[in-house]
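This report describes selected side-chain contacts and secondary-structure elements of one protein. Please consult the sequence and the coordinates alongside the text.

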Amino acid sequence: ERVPILYAREEFSQQSSSSLQWKLQTFLELQSCNADKISNVIVVGDSNDEMGAARMLALWWPTVLVKQVKLLSKPSLIELKQEVKLLRSELQRLAGSSESETLAIAPEAEAHGASKSVSPATRRAR
């Protein structure tokens with residue numbers, strides 16, 4: 001099954017200079033067009049703006065499970081390899097999970113209270 005991938009910058013960067021605003025607008029559009037068809041949203045990104053927008057989405061759209069994957073903003077080659085490994089091993093599981101979750105990779109994960117491993121940083125049941 002094909003999964004649509006949305007890019008906030010492509011759609012909304014002309015309307016605002018704030019990447020947080022692009023992401024929020026993308027999620028609002030997703031919600032308004034597909035509210036009855038979507039049960040899961042997986043947000044993958046390397047900025048705090050994606051994660052903040054994902055948390056807002058969870059508040060606005062309580063019937064949808066929001067899963068977040070926080071990548072490093074400036075990964076080394078080794079860290080990038082770990083991120084790819086994490087995504088390959090976790091995306092299918094995330095899509096099938098019946099709870100909202102946040103996965104993160106260290107060292108940035110540490111700043112958000114997450115562990116120092118390439119594993120789920122926090123899990124939040126809905």
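## Glu-101 and its salt-bridge network

Glu-101 has a relative accessible area of 1% and therefore counts as buried. In this predicted model, the residue forms a salt bridge with Arg-93, with 3.0 Å between the closest N and O atoms. Arg-93 also forms a salt bridge with Glu-90, where the closest N and O atoms are 2.6 Å apart. Through shared partners, Glu-90, Arg-93 and Glu-101 are joined by salt bridges into one network.

Within this network, Arg-93 and Glu-90 both belong to helix α4 (residues 77–96); they are three residues apart, so about one helical turn separates them. The relative accessible area of Glu-90 is 14%, which makes this residue buried. Arg-93, at 29%, is partly exposed, because that value falls between the limits of 20% for buried and 50% for exposed.

## A salt bridge between helices

The whole structure contains three salt bridges. One of them joins the side chains of Lys-23 and Glu-50, at an N to O distance of 3.5 Å. Because Lys-23 lies in helix α2 and Glu-50 in helix α3, this pair ties together parts that are 27 residues apart in sequence. Both Lys-23 and Glu-50 are buried.

## Strands and crossover

Strand β1 (residues 40–45) runs parallel to strand β2 (residues 65–70), and six bridges join the two. From β1 the chain passes through α3 to β2, forming a right-handed β-α-β crossover. Ile-42 has Lys-67 in β2 as its bridge partner.

In a regular strand, side chains alternate between the two faces of the sheet. In β1, the covered face consists of Val-41, Val-43 and Gly-45, whereas Asn-40, Ile-42 and Val-44 make up the uncovered face.

Strand β3 (residues 100–104) includes Thr-102. Thr-102 is buried because its relative accessibility is 12%. Its side chain makes a polar contact of 3.3 Å with the side chain of Gln-68.

## Nonpolar surface patch

On the surface, Leu-28, Met-56, Leu-59 and Trp-60 form a nonpolar patch whose accessible area is about 370 Å² together. Helix α3 (residues 48–60) supplies the largest share of this patch, namely three residues.

Leu-28 is located in helix α2 (residues 19–34). Its relative accessibility is 35%, so Leu-28 counts as partly exposed.

Definitions and conventions:
Residues numbered from 1 in each chain as written. Predicted model: local features only at pLDDT ≥ 70, side-chain atom pairs only at ≥ 80, totals over all residues. Heavy atoms only, no water. Patch = residues over 30% accessible without salt bridge, like charges linked within 9 Å, V, L, I, M, F, W, Y side chains within 5 Å. Areas by Shrake-Rupley, 256 points an atom, 1.4 Å probe, with all protein chains shown as cover. Salt bridge = Lys/Arg side-chain N within 4 Å of Asp/Glu carboxyl O. Helix = DSSP H or I, 4+ residues; strand = E, 2+ residues; numbered from the N terminus. Buried < 20%, exposed > 50% of the residue type's maximum accessible area, 1.4 Å probe, protein only. Pairing = 2+ DSSP bridges. Right-handed = clockwise from strand over helix to strand, strands pointing away. Polar contact = N/O pair within 3.5 Å; in protein donor to acceptor, adjacent residues only side chain to side chain.
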